[in-house]
Amino acid sequence: MRISALVLLPALLLAAPARADDIERFYSGKTFSVNVGFSAGGTFDLYGRILSRHIGKHIPGKPTVIVQNTPGAGGRRLAQTFQTIGPHDGTTIGITTPGIVMDQAMQSDATYDLRKFHWIGSPADEVNVLWIWHSSPAKSFDDVKRIETPMSSTGPGAANYFVPRVFNQRLGTKFKVITGYSTPGLRMAVEQGEVEGICGIAYETHMASVPSWIIDRKVNFIAQLGLTESAHMKGVPLALDLTTSAIDRQALELVLSRQGMAYPLVAPPGVPADRRSEEHTSELQSPYVISY
């Protein structure tokens with residue numbers, strides 16, 4: 001599936017004067033929401049809140065910008081909300097999981113049609129990591145293939161749920177995935193000894209949230225979960241290089257390819273044409289516009 005970057009006109013593209021006047025009248029006095037498909041406190045929420053501080057200055061009419069959290073099903077609740085409820089008038093954008101793309105590529109019963117969404121881009125790509133707490137008996141990738149290792153997860157649909165399960169199936173690891181944690185609760189569970197690690201969250205996320213863990217060497221990074229290596233983790237092997245067969249490598253490449261669109265920004269389907277545009281996207285110099 002190929003996704004082209006679509007840019008919301010009021011936010012990121014200068015329009016012709018007549019159209020700009022119409023857009024200014026529409027947004028004047030309105031509330032524009034940045035909807036985050038996850039609970040407060042995580043990296044998705046952080047990106048959404050950073051964006052909310054600046055995007056209002058670029059929207060004609062200067063609407064009030066707020067952040068709303070719509071957690072559930074690893075970001076999929078937001079996608080379903082955008083599909084069925086919207087709003088579809090250009091007064092909201094959302095940041096959700098790249099997993100929704102994988103869903104539609106692999107499942108015929110997806111409850112949303114991503115071909116009708118308006119794709120803006122991602123503020124970053126990333127390389128996720130597999131790490132184990134320093135007190136765990138497992139110290140290496142070979143160890144987690146021999147020792148059952150409990151891992152915290154928010155639930156089905158999240159990378160921290162399905163990536164360790166794919167590793168169990170394709171690479172022979174013995175992860176025990178324990179679900180039901182909030183995003184901040186993932187790390188709290190490690191500190192409290194309920195689990196021994198997390199598989200499927202970016203290095204940068206941990207560095208922003210719990211830098212002391214990394215600086216004080218409280219965690220052991222045992223695999224990088226991306227298609228390319230991170231400059232931050234020299235010497236930590238790519239999970240792709242730990243495979244022993246071509247089919248296992250292909251399976252991991254499919255699962256890990258989503259890292260290139262780590263924090264996708266989308267608008268609901270049905271946004272009127274005068275509030276969005278597919279024109280000149282290649283000419284825009286914006287950190288929020290990326291073509292996939």
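Begin by selecting G121 in this predicted model. Is this residue buried or exposed? G121 counts as buried because its relative accessibility is 2%, and buried means under 20%. The residue is found in strand β5.

Keep G121 displayed and add V266 to the selection. The two residues are 145 residues apart along the chain, yet a distance of 7.4 Å separates their C-alpha atoms.

Next, select the strands of the sheet to which β5 belongs. In what order do the five strands lie? Reading across the open sheet, the order is β3-β2-β4-β11-β5, and the pairing is mixed. Strand β3, residues 64-69, and strand β5, residues 118-121, are the edge strands, and each of them pairs on one side only. If the view is turned, the twist may be examined: on average, neighbouring strands of this sheet are turned by 25° against each other, direction ignored.

Now restrict the selection to residues 31-36, strand β2, and residues 92-95, strand β4. How many bridges join these two strands? There are four bridges, and the strands run parallel. Within this pair, select S33 and look across to β4, where T92 stands opposite.

Finally, show the helices that accompany the sheet. Residues 43-55 form helix α3, which lies across β2, β3, β4 and β11 (265-267). Helix α3 runs at about 170° to β3. Then select residues 76-84, helix α4, which packs on the sheet. Which strands does α4 touch? Helix α4 touches β2, β4 and β11, and its direction makes about 155° with that of β4.

Technical notes:
Residues numbered from 1 in each chain as written. Predicted model: local features only at pLDDT ≥ 70, side-chain atom pairs only at ≥ 80, totals over all residues. Heavy atoms only, no water. Pairing = 2+ DSSP bridges. Axes fitted to C-alpha atoms, helices over the stretch in contact; angles between N-to-C directions. Contact = heavy atoms within 4.5 Å. Buried < 20%, exposed > 50% of the residue type's maximum accessible area, 1.4 Å probe, protein only.
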